[in-house]
Amino acid sequence: QTLSAQETAKLEVPEIYGMPGSETTLAVHLKNTSLITAFQFTLELPVEFSVDLSSLTLSDRKDDHVITGKPLGEGKYLFVGYSAGNKALRGNSGKLLTINLTIPESCVEGGKYAVERSFATLVDSALGVSSGTSDDASL
């Protein structure tokens, strides 16, 4: 459930719970020991899950950061966040962003469904770019 980039930062997607047919919020957390100014990562959700990209919201860790999300097909989504002024995210731990998902009626109550993070890039204003891969998470 954790994605590391040269031990300077870790992206985490905690497990979430919801009922079939309901909307739930997926949060992405970041723990960092360096000053992160930008990030990019890919999430892969089960194809039948509906993602509301208009609900994509950065937490209060942002300074002048913006974020965007783009569907890549087959349940994959690319997320990119950056600071136009090259400012670091606030704090060293906590929620980075949230996005709303709709759990399909076809899901089984209590079932687990994989969320895969296939690649991440975290930009440290002093150290440059770090990359990493991760294990699967579930919701």
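# Loops, strands and contacts in a predicted model

At 48% relative accessibility, asparagine 86 counts as partly exposed, because that label covers values between 20% and 50%. The structure described here is a predicted model, and every value below was computed from it. Asparagine 86 sits in the loop between strand S7 and strand S8, the latter covering residues 93-102, and although asparagine 86 is not a glycine, its phi is positive, at about 55 degrees. Glutamate 74 likewise has a positive phi of about 55 degrees without being a glycine; this residue belongs to the loop between S6 and strand S7, where S7 runs over residues 76-83. Most residues other than glycine have a negative phi. Glutamate 74 is exposed, its relative accessible area being 64%.

## A buried arginine in a loop

Arginine 61 is placed in the loop that joins strand S5 (50-58) to strand S6 (65-73). What is the nearest side chain of opposite charge to this buried arginine? It belongs to aspartate 60 and lies 6.5 Å away, and arginine 61 has no salt bridge; a salt bridge would need a side-chain nitrogen within 4 Å of a carboxyl oxygen, so a separation of 6.5 Å does not qualify. The side chain of arginine 61 does, however, come to 2.7 Å from the backbone oxygen of arginine 90, and a polar atom of that side chain is 2.8 Å from the backbone oxygen of glycine 91. When neighbours within four places in sequence are set aside, the residues in contact with arginine 61 include Leu30, Asn32, Leu89, Asn92, Ser93, Gly94 and Lys95, along with Arg90 and Gly91.

## A buried serine in a strand

Serine 55 is part of strand S5 and is buried, with 13% relative accessible area. A polar atom of the serine 55 side chain lies 2.6 Å from the backbone oxygen of aspartate 52, while the backbone nitrogen of asparagine 100 is 2.8 Å from a polar atom of the serine 55 side chain. Asparagine 100 also appears among the contacts of serine 55 once neighbours within four places in sequence are left aside, together with Thr98 and Ile99. The C-alpha atoms of serine 55 and leucine 101 are separated by 9.1 Å, and these two residues are 46 residues apart along the chain.

## The nonpolar core and the aromatic rings

The largest nonpolar core has 25 residues, and of these Leu11, Phe41, Leu96 and Leu97 touch the most other members. At least two residues of this core are supplied by each of strand S2 (9-12), strand S3 (23-32), strand S4 (36-44), S5, S7, S8 and strand S9 (114-124).

Counting rings of Phe, Tyr and Trp whose centres lie within 6.5 Å, the total comes to three aromatic pairs. In one of them, the ring centres of phenylalanine 39 and phenylalanine 41 are 6.3 Å apart and the ring planes meet at 25 degrees, so this pair is stacked. Phenylalanine 39 is buried at 3% relative accessibility, and phenylalanine 41 is buried with a relative accessible area of 1%. Phe39, Phe41 and Phe79 together form one aromatic cluster.

## Salt bridges

The table lists the salt bridges with their N to O distances.

| Positive residue | Negative residue | Distance, N to O |
|---|---|---|
| lysine 31 | glutamate 12 | 3.7 Å |
| lysine 112 | glutamate 15 | 3.1 Å |
| lysine 87 | aspartate 63 | 3.9 Å |

The structure holds three salt bridges. Because lysine 31 is in strand S3 and glutamate 12 is in strand S2, their pair ties together parts that are 19 residues apart in sequence. Lysine 31 is partly exposed, at 41% relative accessibility. Lysine 112 lies in the loop between S8 and S9 and glutamate 15 in the loop between S2 and S3, so this pair ties together parts that are 97 residues apart in sequence. Lysine 112 is exposed, with 60% relative accessible area, whereas glutamate 15 is partly exposed, with 28%. As for the remaining pair, lysine 87 is in the loop between S7 and S8 and aspartate 63 in the loop between S5 and S6, so the parts tied together are 24 residues apart in sequence. Lysine 87 counts as partly exposed at 39% relative accessibility, and aspartate 63 counts as partly exposed at 33%.

Technical notes. Residues numbered from 1 in each chain as written. Predicted model: local features only at pLDDT ≥ 70, side-chain atom pairs only at ≥ 80, totals over all residues. Heavy atoms only, no water. Helix = DSSP H or I, 4+ residues; strand = E, 2+ residues; numbered from the N terminus. Buried < 20%, exposed > 50% of the residue type's maximum accessible area, 1.4 Å probe, protein only. Lys, Arg positive; Asp, Glu negative; His and termini not counted. Polar contact = N/O pair within 3.5 Å; in protein donor to acceptor, adjacent residues only side chain to side chain. Contact = heavy atoms within 4.5 Å. Core = buried A, V, L, I, M, F, W, Y, C linked by side-chain atoms within 4.5 Å. Phe/Tyr/Trp six-rings, centres within 6.5 Å; stacked < 30°, edge-to-face > 60°.
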